[in-house]
Amino acid sequence: MTEAEVSYHAIRNSVAFAEEPELRCLQLTGSQAFDALDAVCPCDIFLQDGQMKHTLLLDDTGIPFADVYVCREGENAYLIGYGSGADEIANWVTYHATGITDFSIVDLGESYDNLTIDGPYAWELCAEVFGPDILGLPYLGMLVLDAMFVFRAGRTGEYGYHLLVPTDQKERWVENLLATGAAFEMARADESVRAQCVLESFFFDINREGQYHLTPLELQLQWRLSSQKTTYPGAEALHTLRHSGWTRRLTCFATPDPVNADAEITCDDEIVGHVLVAGYSPARGDCVGKALLNEPYWHAGLDAFQVGGIPLKTISTPAINNLSLKVSPYRHSFHTRAEDLS
Amino acid sequence: MKIIVTGLGARCALGENIETLWDAIEQGHSGIAPIHRFNVGTFDTELGAMVSSDNCCDTEAQRLLAYGCAAANEALQNAKIGNRDRVALVLGTCNGLLGRDLHSVTTDLSKALKLGEPAITLSTACASSAHAIGFAADLVRRGVVPSALAGGVDILSAEVFAGFHSLGLLSKHPCAPFSTNMGTTLGEGAAFMLLESERSAKERDAMPLAEFMGYGFSADAYHDTTPIPSGLGMAKALAVAVRDAGLEPEAIDYLNAHGTGTAANDASEWRAIQRVFGDFANQLPVSSSKSFLGHAQGAAGALEAIVTLMAMAHKVVPPTINVTQPRRNAPTDPVARPKPRPYMIRHAVCTNAAFGGVNTALVFGQADGTPRDERKVPRSISLVGAGVAQDGQQVNQFAPRTELRGIDMSARLLASATGTALADAGVRTRTPDCEGIGLFVGQTRVSPESVKAFDKSVQMRGLPHLSASAFTRMVCNYATGVCCRLFGLKGPTATLSTGVESGLTALILAADRLAWRDDVNHLLAAGVDEPDASDNYKNGAASILLKAGEASAPMNLTGWALATNCELATERALAQASLNREEVVLMAVLGPPTVAGLWAVIAAMDALKAGEQGPFLISNRSEGSAGAAVILETGSKACDLN
Amino acid sequence: MRPELKEKIERRENTLNRVIELLISGLQLDRSYEELDPDTPLFGTGLGLDSVDAVEIVVALESEFGISLEEGDSMFALRTINSLVDVVLRQSEENLDDGS
């Protein structure tokens, strides 16, 4: 197997580990920390202790510039995600939280490093390395464990954890992970392979389709927006678009052969959209991608399209069935996986 | 004061009385068998732990009463109690009548047994009877009554069976907690214990069976039906209980777990045990009696406490049977063997958890333990916030609509009043400020709106396809659980279904609890009343935040009392406040029955704020079997119980 | 547009509409039809659905569409609105095949 194949196999079947220096993590403290988040985030900021919620940060035109989770732990709020620099996000929050003063923002990236662990047995490895509290962490939950922050979230469709460890402890934790991970056939996750897994799961990728100046409505991300809130950056633009209607939508597709980003998609010689992102899916054995398709061709389950002679069909998401759905921390173990899942 | 257990009684799948129960456990015989009383042919399992009964009972109410009478009479006889005039009844029940008219079970039983002291009903789903034991112990400890019969009764009906089945919680195999076979088996029965003050027991030369040492209650504030996976809620109840008993965790010799057998419960519970006991958890025998008794719902806590006390008396640890292969992340020592293990238990803990995110832990010890230091002077009780609701609309100010999806009118009303009370007191919800705040609610029945939705789903789709979400709302403490989740309240909770006095009863028990126990400083006392079609009053709810030990509070509760009638309750409340009847202003009690008393208290708070002098007396207006009275005063006059 | 494609799109849209209506009414979702994108994940999202809702969806699929999901299938069918639509369409096509 090539290195990329090993990496993919680990994410989909055992455990993979990545450092993801591009993951931002901001901590908001002060009595108005949640008010500040409420002012800038398009989702409802109603978080129980230890709860995370997936949302976006939008510019004034309603276009996402960051793909983030908002979280609560004790009195503090957290904003973690991708797509922008920590300082830029902090400045943007401060600028838009008009009239809200009693909060301050710390970039945890200055004193912590992130370790991302993904895979159907990520929970088991993490519990062995970091302790049994990991097992009790529900999806989209966070906890503070000794000196580190643990967030249960991921974009590969498998069990996923982000561990923020103090920078001076990082080496030790990595050694620990590598040592314990050997028994789990853990591999380092290659960045392009992770992106491929994100694509198979139809998770939003701010660095790929996020670069096409599309709104959450076109990106099928309305579930990350509140249906009640009307005052956040970008709200007006989205309101206008909702009113006028939108006529194109990000849709998942599959092709037997590779196709290129930006290629035109046709239906009986009519151009009905174009490819934004595409790549090979080892789990499926064909190519999958995300296309921007015009109404009414924007539905899944249609096989009437072509990309330069290659047939293209639209499909429902996610594009693959993840092993993690079948793996339960209550019943299973990596070490007995052959019997467990037979 | 030591609280002594002097009598036990049980009617369950393991037979007629506590002897047959104990024989079965000694022999390793489970009470789980195919159900015949109702048709289970269309379900994945036919198993239950049913009381092998004659055809004595035409209705479910009769059956509840029959089981209750059998167990309660046995406990009274076992305690050799002659005069029943000074015995209170504290009963936990939930599913027997599907949340309808719960208090009638208690009053019927109290009448049948000819008990002379107040009868109180707790309905906190599967923790009901454990709650009842804790509250009964408090009544005895405070000297309100010399003795109390505490326990619970529940029956397994086709609806409850179908409801648990729809949630995927029932096992195809006999319930095997901590084993790789997951899921639970439902059961039924009744169990009671007589709790008595040491003095009362000595006076009548009663044989002490054990000491009730302490308890802890908590709320998960996480989910309506799933326990919080971190185990934090149960860990809190356990830690509080062990501390209340004056013990270190290492002094516990045995833990009788809730251990339902479901994946979510057993993992969360073990995590909680690990949190509290640390490495010692690996040496602690932890077994679940549900492998014998099934999950007896509202009666589970009392039945399992009785198994624990019998085991203490017989110097053994009861086993978990049916275990095939040990489960991952489950107790290190589940006592997985066919018969009990010889072992001397000095102190034991019984845990229970329930829908609504409720946790309880009860601590029992050998009767010859040394007495512990107790608080001699009560803390003062001030009223620091209040909220009233009539249409349930205010809740929308406190939570987005997504968080309120599917909640019923009772929950809306209670959350509206409680959110308003917390805002009135300036509490920031869902922050660490709320960690220690508890919620005692008076609610006499399940929301009629949810009953209707549930009945409709059964009618239209049949039992096997009933609405799972409507079923999860069919417990009387559903609204209480919703409030805890919405506002992040994690302190002790209880839902009192004690007829029309429920609201005032909640206030009185909350005040008493705060005055005498240091583990909590804030409690909300609330009530909710959602009428059904036959009632001629409107929706209502009230919630009041109480604070203990506030040096200079503008308003205090200086007297409170529960008694068999309101005259007696008033007399006792006045005596506590050192006031004469002529010195107090009687507040009118108007509104929906369950909340009218609380509305009157809030009216008195408003009057005091507006500069009226008071003191105010509020007592319930009913002619019923119980009375409740409280006194409100301005200024910082501390309450004086002498 | 070719008639068979048009028909296919209409069938997809009709089924999508019915599935979304079923979700809104059956789960008391406080979302409008336009807000529910077809590839919206069902769980762990802003919709706030949980395991009890999953049971409701399975029962509703059975009573509304006559679809009985096997235990193993349901976890893969209950991922997004579109994956539910797939199951409904597949079933109705199978029923058509059986009928011919």
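# Exercises on contacts and salt bridges

Arg12(C) is buried, its relative accessible area being 4%. This comes from a predicted model, and the exercises below start from that residue.

**Exercise 1. Find the salt-bridge partner of Arg12(C) and say where the two residues sit.**

Step 1. Look at the side chains: Arg12(C) meets Asp86(C) in a salt bridge, with 2.8 Å from N to O.

Step 2. Place both residues. Arg12(C) lies in helix α1 of chain C and Asp86(C) in helix α4 of chain C, so the bridge links distant parts of the chain, 74 residues apart.

Step 3. Compare how open the two partners are. Buried means under 20% relative accessible area. Arg12(C), at 4%, is therefore buried, whereas Asp86(C), at 23%, is partly exposed.

**Exercise 2. Which residues of chain B are joined into one network by salt bridges that share partners?**

Step 1. Begin with the arginines of the network: Arg141(B), Arg513(B) and Arg517(B).

Step 2. Add the aspartates, Asp244(B) and Asp519(B), and the network is complete.

Step 3. For the wider setting, turn to the whole structure, which holds 53 salt bridges over all chains.

**Exercise 3. Describe the salt bridge between Arg188(A) and Glu19(A).**

Step 1. Start with the distance: the two side chains meet at 3.3 Å, N to O.

Step 2. Now locate the partners. Arg188(A) belongs to strand β11 (residues 187-188) of chain A, while Glu19(A) is in the loop between β1 (16-18) and β2 (24-29) of that chain. The pair is 169 residues apart and links distant parts of the chain.

Step 3. Finish with exposure. Arg188(A) has a relative accessible area of 46% and is partly exposed; Glu19(A), with 27%, also counts as partly exposed.

**Exercise 4. Is Arg379(B) buried or exposed, and what does it pair with?**

Step 1. Check the accessibility: Arg379(B) has a relative accessible area of 12%. The cut-off for buried is under 20%, so Arg379(B) is buried.

Step 2. Find the partner. Arg379(B) forms a salt bridge with Asp518(B), and their closest N and O atoms are 3.8 Å apart.

Step 3. Place the pair in chain B. Arg379(B) is in the loop between β14 (358-365) and β15 (381-389), and Asp518(B) is in the loop between α16 (502-516) and β18 (522-529). These positions are 139 residues apart.

Step 4. Look at the partner's surroundings: Asp518(B) is partly exposed, with a relative accessible area of 49%.

**Exercise 5. Work out how chain C and chain A meet.**

Step 1. Take the residues on each side: 27 come from chain C and 33 from chain A.

Step 2. Add the area. About 2700 Å² is buried between the two chains, and carbon and sulfur atoms give 54% of this.

Step 3. Turn to the charged pairs. There are two salt bridges between chain C and chain A; one of them joins the side chains of Lys8(C) and Asp303(A) at 3.5 Å, N to O. The count of residue pairs in polar contact, both at pLDDT 80 or more, is 17.

Step 4. Ask which helices of chain C take part. α1 (3-26), α3 (71-77) and α4 (81-99) each supply at least two residues to the side that touches chain A. The largest share, six residues, comes from α1(C).

Step 5. Sort that side of chain C by residue type: eight are nonpolar, seven polar and 12 charged.

**Exercise 6. Into which domains is chain B divided, and how do they touch?**

Step 1. Set the bounds: domain 1 of chain B covers 3-365 and domain 2 covers 381-634. Their centres, taken over C-alpha atoms, are separated by 27 Å.

Step 2. Describe the contact. 50 residues of domain 1 of chain B are in contact with 47 residues of domain 2, and about 3900 Å² is buried between these domains, 62% of it on carbon and sulfur atoms.

Step 3. List the polar links. Three salt bridges cross the interface of the two domains, and 13 residue pairs are in polar contact there (both at pLDDT 80 or more).

Step 4. Examine the side of domain 1 of chain B that touches domain 2. Its largest share, seven residues, comes from α5(B). By type, the residues of this side divide into 24 nonpolar, 16 polar and 10 charged.

How values were computed. Residues are numbered from 1 along each chain as its sequence is written. Chains are lettered from A and ligands numbered from 1 in the order in which they are written. This is a predicted model: local features need pLDDT of at least 70, side-chain atom pairs count only at pLDDT 80 or more; totals for chains, interfaces and linings use all residues. Side-chain values use heavy atoms; hydrogens and water are left out. Contact means heavy atoms within 4.5 Å. Buried area is the accessible area (1.4 Å probe) that two parts lose on being put together, summed over both. A salt bridge is a side-chain nitrogen of Lys or Arg within 4 Å of a carboxyl oxygen of Asp or Glu. A polar contact is a pair of N or O atoms within 3.5 Å; within protein, one must be able to donate a hydrogen and the other to accept it, and residues adjacent in sequence count only if both atoms are side-chain atoms. Helices (H or I, at least four residues) and strands (E, at least two) are DSSP runs, numbered from the N terminus. Ala, Val, Leu, Ile, Met, Phe, Trp, Tyr, Cys and Pro count as nonpolar, Asp, Glu, Lys and Arg as charged, and the others, Gly among them, as polar. Buried means under 20% relative accessible area, exposed over 50%, partly exposed in between (1.4 Å probe, protein chains only). Domain bounds come from an automatic or database domain assignment.
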